[in-house]
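Ready for some practice in reading a protein model? Grab a pencil and work through the exercises below, one step at a time.

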Amino acid sequence: MGETSTREDAFKSLILCNCEASLEVDAEALSEVTGLGCSKVHSGLCQGQSEDAARAIAGGDTIICCTQEQAFFEELAADIDAPAPAVLDLRDRAGWSTDQRSKLPKMAALAAEALMPAPDMKTADVLSEGLCLVVGPAETALAAAAQLAPHLSVTALVTDDGDLSDTRDFDIVRGTLRRATGAFGQFEVTIDALQQVSPGGRGERVLSEPRDGGRSQCDLILDLTGGTPLFPAHEKRDGYLRPDPKSKGEVAAAVLEASHMVGTFEKPLYVRVEPLFCAHSRANQTGCTNCLDVCPTGAIVPGGDHVVIDPMVCAGCGSCAALCPSGAISYDAPSHDHTIRRVQTLASAYLAASGTAPRLLVVNEHGSEMIRLAARYGDGLPADVIPLEVTSLNAFGHAEALAALAAGFVDVWIVPGPTTERPPLEQEIALAVAIAGDKITLLDEQDPDLMVARLYDAPVGTSIDDPIRPMGTRRQITRQAARSLLPEDEIVPLPENAPYGAVVVNSDSCTLCLSCVSLCPSGALGDNPDQPQLRFQEDACLQCGLCSNICPENAISYEPRLNLTPSALEQVVLQEEEPFACVDCGALFGVKSTIERITEKLTGSPMYQNPEALRMIQMCDNCRVSAQYHAENSPLAGGERPRVRTTEDYLSKRRDH
């Protein structure tokens, strides 16, 4: 990786700063191992040496090695009418550490990652016209509505019998919010016992008669009821604000946030869906439900043979993409390809800079803040621990972890945050551990010092002798990485619900009806057009459950495993029988045991008293049709065809002839 950077990215330069001499940076050595131009080591780019920073920004093609003052450098770029510079954190992630070992390999790895082009983020525009529904008791709801009225178009839904305000600054209704659907910019609500305030009259406010089923739309909802949330995983529902009504601070913060939620916003499109790959259902038989089971927001619903994802409701946790066995759902913010390349770039650059036994620390924004706190107030990260910040920890699944080990990392540590969906993450870690051993660890520490202490105290293993950089789909990457970590002829047992494994057929029950073949979404199950056979290619099997669910004989079960032998890539015969020879022409057709079983069961049936009818069951298609046509009382035989009438027939009836 170091040589590639020297060749392709030599025009880049690192603008270095030791933050008032609080860390050591060897500019000459860093330039040598990265192939990048490095400035002198500054001590105050954001203060007395800001003119040097301005000149570097004006020159372009620079990376400023300071993220703490990113806003300052962006303002500086705007002042001189230059593009905002890229920034790189060498201080918190590498320099500030009590580890006495060289930080140069880690800095080289972080610099190589910073050179990677940022992927384009796919977004959709969401328009909010500021239609806000405030729900709650009169005392709290009306007060919040009054604060929001100057900024938004507000309707207060009062849920108790409290006194109603006579203000005309916002609308007031009374009722019970029965149901809400949608997300920011497109909520739909259903209100029961709805009473609207009459705008006229003298004295107390007059309310209309209550009615159920009132429906309306709004852009955002401020829920001050303190009761059951309107949505699952409500904290991840854009546009739905639910502070604790007993906390004045939380209510004030929610009101402030709501007041700014008007205009056009960009909603990230977190996942990409390929319906043709989906193994959810075939022929009204349900197979895989992984994504439906783990989606915290309810954004995924069945849509026939595949699933449908509402991008406005999706919160981007990434669990569905990690657990999807077929790749029909893939994380796209950024793509798994980009994440894999980041991991491989970090490992190869670290090893190229003479580093040994690197460890990968996978974090989200919460984990990055813990790293910053540990660096400033504690021991900082060990020199061999390389942090990787990802958008979603749940999208970092077993394939990504195995790719990291195959690239040269000795182990992978994953730090969950408060918003991380634990069950799917733990399931993916268990799958990776089953394949690679105890090299993937959930570092569940919320104290920065304890997190760092575990990293210092943990024994460090050794990396593989020949690191590789697998490419392809997540399934292909898993297989390639596993083969580099394990003997090629090994078959690894896996936990239940793993997306890899074998199909096991009960030979005594299977009748070779081949229903499973017609419904297999991946083509793992196939037939042989020349003879009765059920064939299977293990590498393609998704363990989705469709073949087991559709089998009329309940003859199919599964064995979760990762088969690294060549046989996994070949078609093997699971069930085979002798074909039946047509009793008329001798052509082979069907399955001998099946034809004999049917003949035995129908013998003696009132509909098959005629031996010829029973014999037709033992004929091939051509002979059966011929026999039916020539049989007595054949349904294919018609009556005598009428004689064709000619001109003579018509003329004979005329009187002038």
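**Exercise 1. Work out how strand E9 sits among its neighbours.**

Step 1: Start with the partner that follows in the chain: E9 and E10 run antiparallel and are joined by 5 bridges. Strands here are DSSP runs of E with at least two residues, helices are runs of H or I with at least four, and both are numbered from the N terminus. Two strands pair if DSSP finds at least two bridges between them. In this pairing, Ile191 stands opposite Gly214 in E10.

Before going on, note that the model is predicted: local features need pLDDT of at least 70, side-chain atom pairs count only at pLDDT 80 or more, and totals for chains, interfaces and linings use all residues. Residues are numbered from 1 along each chain as its sequence is written, and side-chain values use heavy atoms, with hydrogens and water left out.

Step 2: Now look at the other partner. Strand E8 (residues 171-181) is antiparallel to E9, with 7 bridges joining them. Here Val173 faces Gln196 in E9. E8 and E9 make a hairpin with 5 residues between them, and Gly182 in the turn has a positive phi of about 95°.

Step 3: Is E9 enclosed or not? 7 of its 10 residues are buried, so E9 is largely enclosed by the rest of the structure. (Buried means under 20% relative accessible area, exposed over 50%, partly exposed in between, with a 1.4 Å probe and protein chains only.)

**Exercise 2. Describe the surroundings of Val197.**

Step 1: Find it. Val197 is in the loop between strand E9 (187-196) and strand E10 (214-218).

Step 2: Check the accessibility. With a relative accessible area of 18%, Val197 is buried.

Step 3: List the contacts (heavy atoms within 4.5 Å). Leaving out residues up to four places away in sequence, Val197 touches Leu164, Ile172, Arg205, Val206 and Leu207.

**Exercise 3. Do the job again for Thr599.**

Step 1: Thr599 belongs to helix H19 (residues 592-602).

Step 2: Its relative accessibility is 11%, so Thr599 counts as buried.

Step 3: Not counting residues up to four places away in sequence, Thr599 touches Leu614, Ile617 and Gln618.

**Exercise 4. Which strands stand at the edges of the open sheet E21-E20-E22-E23?**

Step 1: Read the order. The 4 strands E21-E20-E22-E23 form an open sheet with parallel pairing.

Step 2: Look for single partners. Strand E21 (385-389) and strand E23 (440-442) each have a single partner strand, so one side of each has no neighbour in the sheet.

Step 3: Zoom in on one pair. Strand E22 (residues 411-414) and E23 run parallel, joined by 3 bridges. Ile414 stands opposite Leu442 in E23.

**Exercise 5. Try the open sheet E24-E28-E25 yourself.**

Step 1: This open sheet has 3 strands in the order E24-E28-E25, and the pairing is antiparallel.

Step 2: Strand E24 (491-493) and strand E25 (501-505) are at the edges with a single partner strand each, so one side of each is left without a neighbour in the sheet.

Step 3: E25 and strand E28 (residues 556-563) run antiparallel, and 5 bridges join them. Across this pair, Ala502 is opposite Glu559 in E28.
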